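Here is a short tour for anyone who likes to see how a fold is put together. Keep the viewer open and follow along.

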Amino acid sequence: STLEANLEILARPEGIALVMTDELLFSPGSSELSESARVLLEQIYSVLLYLDINVNIAGHTDTTVGFEQDNLELSSERAIAVLAFFLQNEIRQERFSISSYGGYWPIADNGTEDGRRRNRRVEILLKTHEFIGGYP
């Protein structure tokens, strides 16, 4: 799996989202970070050390039923795995929040294999802007 095919950088109202398919981070149905995921997250970690901004880590799945867990639980465990990687070092935990959406917030068509692949993702949102009408 190539980085170009499995990583998107998107503008969101709150900032910049690094959108990584599960292929970059996990084995199918797993929430344990792969060795290549650790290498990639180490690069993101080094950037986070120098940016004093808040970060949201959101887990997403496709809508297919499978494996032993339901999609909401799997997306939550994946977001927590990425969070735990960042917190093992010296970044303040108060900067982070996590979200778990299961298959409820697709970015592609779950009716195609490519769409399901894109929907199985973790988004790391770098909150560079306050969301208008959002939090106080």
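Which residues does Leu41 touch, not counting residues up to four places away in sequence? In this predicted model, the list is Met20, Leu25, Leu33, Val82, Phe85, Phe86 and Ile124.

## The nonpolar core

Leu41 is a good place to start, as it is among the residues with the most contacts inside the largest nonpolar core. Leu25, Val82, Phe86 and Ile124 share that distinction, and the core has 26 residues. At least two core residues come from each of these elements: strands S2 (15–21), S3 (54–60) and S5 (121–127), together with helices H2 (22–25), H3 (35–50) and H4 (71–87).

Strand S2 deserves a second look. Six of its seven residues are buried, and S2 is thus described as mostly covered.

## The sheet

Now turn to the strands. Five of them form an open sheet in the order S1-S2-S5-S3-S4, and the pairing is mixed. At the edges are S1 and strand S4 (96–100), each of which pairs on one side only. On average, neighbouring strands of this sheet are turned by 20° against each other, direction ignored. Two helices pack on the sheet. H3 touches S2, S3, S4 and S5, and its direction makes about 170° with that of S2. H4 touches S3, S4 and S5, with its direction at about 160° to that of S4.

How do S1 and S2 pair, and over how many bridges? Strand S1 (residues 7–12) and S2 pair in the antiparallel sense over six bridges. A hairpin through two residues joins S1 to S2. If you want to check the register, Leu10 has Ala17 as its bridge partner in S2, and Ala11 stands opposite Ile16. S2 also pairs with S5, again in the antiparallel sense and over six bridges. There, Thr21 stands opposite Arg121 of S5.

## Salt bridges

How many salt bridges does the structure hold? There are 11 salt bridges. One of them links Glu8 with Arg118, whose closest N and O atoms are 3.2 Å apart. Glu8 belongs to strand S1 and Arg118 to helix H5 (residues 113–119), so this pair ties together parts that are 110 residues apart in sequence. Both partners are partly exposed: Glu8 has 28% relative accessibility, and Arg118 has a relative accessible area of 26%.

Other pairs have other surroundings. Arg121 and Glu123 form a salt bridge with the closest N and O atoms 2.9 Å apart. Are these two partners buried or exposed? Arg121 counts as buried because its relative accessibility is 2%, under the 20% cut-off, and Glu123 counts as buried at 6%. Salt bridges that share partners also join Asp22, Asp62, Arg78, Glu113, Arg116 and Arg120 into one network.

For Arg92 and Glu94, the salt bridge has its closest N and O atoms 3.8 Å apart. Here Arg92 is partly exposed, with a relative accessible area of 46%, whereas Glu94 is exposed at 58%.

## Asp22 and Thr61

Asp22, a member of the network just described, is found in helix H2. Why does Asp22 count as buried? Its relative accessibility is 7%, which is under 20% and therefore within the buried range. Leaving out residues up to four places away in sequence, Asp22 touches Arg78, Arg120 and Arg121.

Thr61 makes a good last stop; this residue lies in the loop between S3 and H4. Thr61 counts as buried because its relative accessibility is 4%, under the 20% limit. Which residues is Thr61 in contact with, leaving aside its neighbours within four places in sequence? They are Asn71, Leu74, Ser75, Gly102, Gly103, Asn119 and Arg120. With Gly103 there is also a specific link: the side chain of Thr61 reaches the backbone nitrogen of Gly103 at 3.2 Å. As for Arg38, 23 residues from Thr61 along the chain, the C-alpha atoms of the two are separated by 20 Å.

Conventions
Residues numbered from 1 in each chain as written. Predicted model: local features only at pLDDT ≥ 70, side-chain atom pairs only at ≥ 80, totals over all residues. Heavy atoms only, no water. Core = buried A, V, L, I, M, F, W, Y, C linked by side-chain atoms within 4.5 Å. Buried < 20%, exposed > 50% of the residue type's maximum accessible area, 1.4 Å probe, protein only. Helix = DSSP H or I, 4+ residues; strand = E, 2+ residues; numbered from the N terminus. Contact = heavy atoms within 4.5 Å. Pairing = 2+ DSSP bridges. Axes fitted to C-alpha atoms, helices over the stretch in contact; angles between N-to-C directions. Polar contact = N/O pair within 3.5 Å; in protein donor to acceptor, adjacent residues only side chain to side chain. Salt bridge = Lys/Arg side-chain N within 4 Å of Asp/Glu carboxyl O.
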